[in-house]
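Please find below my notes on the model, set out as numbered points. They follow the aromatic residues, the sheet, the cores and a few single positions in turn.

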Amino acid sequence: MSVDWLELEKIARAWTYEAAGLIKKSLANPIHIEAKSNPDDLVTEVDRAIESFFYHKIDQTYPEHHFLGEEGIAEELNSLDGTVWIVDPIDGTMNFVHQKYNFAISVAVYHDGVGMVGLIYDVMNDELFHAVRGHGAYVNNEELVPVKERPLHESIIGLNAKWLVQEKNPFRNPLKALVRDVRSIRSYGSAALEIAYVAADRLDGYISVNLSPWDYAAGIILLEEVGCKASTFRGEHLNYLQKSTVIVGKPRLHKEMVSSYVGEEL
């Protein structure tokens with residue numbers, strides 16, 4: 001059965017706005033916080049409630065579709081065959097807890113491994129970054145133009161400064177060299193938003209040593225519509241079923257960051 005991706009995007013957009021309303025309501029009450037893999041890997045009951053909201057909406061509307069989410073409400077997937085929704089209910093949970101700002105809902109829909117619909121919604125700023133494959137990328141219905149290249153020394157990249165000081169990080173020295181050579185770095189605490197900012201020409205690139213598929217799945221669809229590139233540090237295709245190094249950027253900048261910095265053998 002063929003899917004009308006533009007119609008599906010409208011439905012996903014409506015659900016995203018509805019979920020954002022639930023998140024805003026939750027901010028009026030104390031938030032229960034837990035740590036997952038480490039003390040800085042936070043999850044709240046709001047994360048779980050919003051993921052459950054999307055899972056049930058999708059299951060009721062598209063029972064033949066599959067679901068991949070951060071909080072594990074659905075069974076683990078072993079492939080991207082068929083139509084798969086990849087959802088991060090709150091990307092930037094630490095910001096959500098500490099700032100009540102700078103966090104996003106990220107929703108991606110892939111079909112047989114190809115990204116078809118991507119939504120990243122900055123809840124508190126009411127900014128929706130959205131794209132349907134082959135139809136361009138937008139911010140609140142305003143189309144994003146293909147990005148303009150800047151040389152590396154004039155570029156601003158998104159990067160968590162912790163990667164520069166953690167001794168166990170094998171990429172620390174290449175990243176230090178890159179930070180030395182670019183104009184500046186920024187860290188907003190939400191991978192989805194920072195990738196969306198690259199698509200919107202607010203950043204020139206974004207780098208992370210360790211991201212999960214729901215952090216970048218929607219953003220990659222935005223990037224492809226404006227001519228940006230995304231890969232692992234080695235320049236390989238990203239795997240949407242496991243964690244990975246991630247580097248995104250404008251084409252020439254992406255190539256230079258991979259070939260001259262993080263892609264070198266360590």
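Which residues form one aromatic cluster with Trp15?

1. The model is a predicted one, and the remarks that follow should be read with this in mind. The cluster in question consists of Trp15, Tyr62 and Trp85. By the criterion for ring pairs, the count comes to 12 aromatic pairs. In the pair of tryptophan 15 and tyrosine 62, the ring centres are 6.4 Å apart and the planes stand at 70 degrees, so the arrangement is edge-to-face. The two residues belong to distant parts of the chain, 47 residues apart, with tryptophan 15 in helix H1 (residues 5-26) and tyrosine 62 in the loop between helix H2 (45-61) and strand E3 (66-69). Tryptophan 15 counts as buried at 7% relative accessibility, and tyrosine 62 is buried as well, with a relative accessible area of 13%.

2. A further pair is made by phenylalanine 96 and phenylalanine 103, whose ring centres lie 5.0 Å apart with planes at 75 degrees, so that this pair too is edge-to-face. Both phenylalanine 96 and phenylalanine 103 are buried.

3. The sheet deserves a point of its own. Seven strands make up an open sheet in the order E3-E4-E5-E6-E7-E8-E9, and their pairing is mixed. E3 and strand E9 (142-143) are the edge strands, each pairing on one side only. E8 and E9 run antiparallel and are joined by two bridges, and tyrosine 138 has glutamate 143 in E9 as its bridge partner.

4. Two helices may be described in relation to this sheet. H1 lies across E4, E5, E6 and E7, and its direction runs at about 30 degrees to E6. H7 packs on the sheet and touches E3, E4, E5, E6, E7 and E8, while its direction makes about 70 degrees with that of E5.

5. Tyrosine 121 is placed in strand E6 (residues 114-122) and, with a relative accessibility of 3%, counts as buried. Where does its side chain make a polar contact of 2.5 Å? The partner is the side chain of aspartate 126, a residue that also appears in the list of contacts beyond four places in sequence, together with Thr16, Tyr17, Ala20, Phe103, Ala104, Ile105, Glu127 and Leu128. Threonine 16 and tyrosine 121 are 105 residues apart in sequence, yet their C-alpha atoms are 7.5 Å apart in space.

6. The largest nonpolar core has 41 residues, and Ile86, Ile120 and Phe129 are those with the most contacts inside it. At least two residues of this core come from each of strand E4 (83-91), strand E5 (104-111), strand E7 (127-132), strand E8 (137-139), helix H6 (191-199), strand E12 (205-211), helix H7 (213-226) and strand E14 (244-249). H7 gives the most to this core, supplying nine residues. With neighbours up to four places away in sequence set aside, isoleucine 86 is in contact with Leu68, Ser106, Val107, Ala108, Tyr110, Pro213, Trp214, Ala217 and Tyr240. Another core, of 32 residues, lies apart from the largest one and includes Leu8, Val46, Phe54 and Ile105.

7. Is H6 largely enclosed by the rest of the structure or largely exposed? Nine of the nine residues of H6 are buried, so the helix is largely enclosed. Among these buried residues are Glu194 and Tyr197, along with Ala191, Leu193, Ile195 and Val198. Aspartate 201, which follows H6, has a positive phi near 65 degrees.

8. E12 is mostly covered, with six of its seven residues buried. Strand E10 (residues 156-158) pairs with E12 in the parallel sense over two bridges, and here glycine 158 stands opposite tyrosine 206 in E12. E14, by contrast, runs antiparallel to E12 and is joined to it by five bridges, with serine 208 standing opposite valine 246 in E14.

9. A last position to inspect is asparagine 169, in the loop between helix H4 (162-165) and helix H5 (172-181). Asparagine 169 is a buried residue, its relative accessible area being 5%. When residues up to four places away in sequence are not counted, asparagine 169 touches Trp163, Leu175 and Val209.

Terms used
Residues are numbered from 1 along each chain as its sequence is written. This is a predicted model: local features need pLDDT of at least 70, side-chain atom pairs count only at pLDDT 80 or more; totals for chains, interfaces and linings use all residues. Side-chain values use heavy atoms; hydrogens and water are left out. Helices (H or I, at least four residues) and strands (E, at least two) are DSSP runs, numbered from the N terminus. Buried means under 20% relative accessible area, exposed over 50%, partly exposed in between (1.4 Å probe, protein chains only). Contact means heavy atoms within 4.5 Å. A polar contact is a pair of N or O atoms within 3.5 Å; within protein, one must be able to donate a hydrogen and the other to accept it, and residues adjacent in sequence count only if both atoms are side-chain atoms. A nonpolar core is a set of buried Ala, Val, Leu, Ile, Met, Phe, Trp, Tyr and Cys residues joined through side-chain atoms within 4.5 Å. Rings of Phe, Tyr and Trp (its six-membered ring) pair if their centres lie within 6.5 Å; planes under 30 degrees apart count as stacked, over 60 as edge-to-face and the rest as tilted. Two strands pair if DSSP finds at least two bridges between them. Axes are lines fitted to C-alpha atoms, for helices over the stretch in contact, and angles run from 0 to 180 degrees between N-to-C directions.
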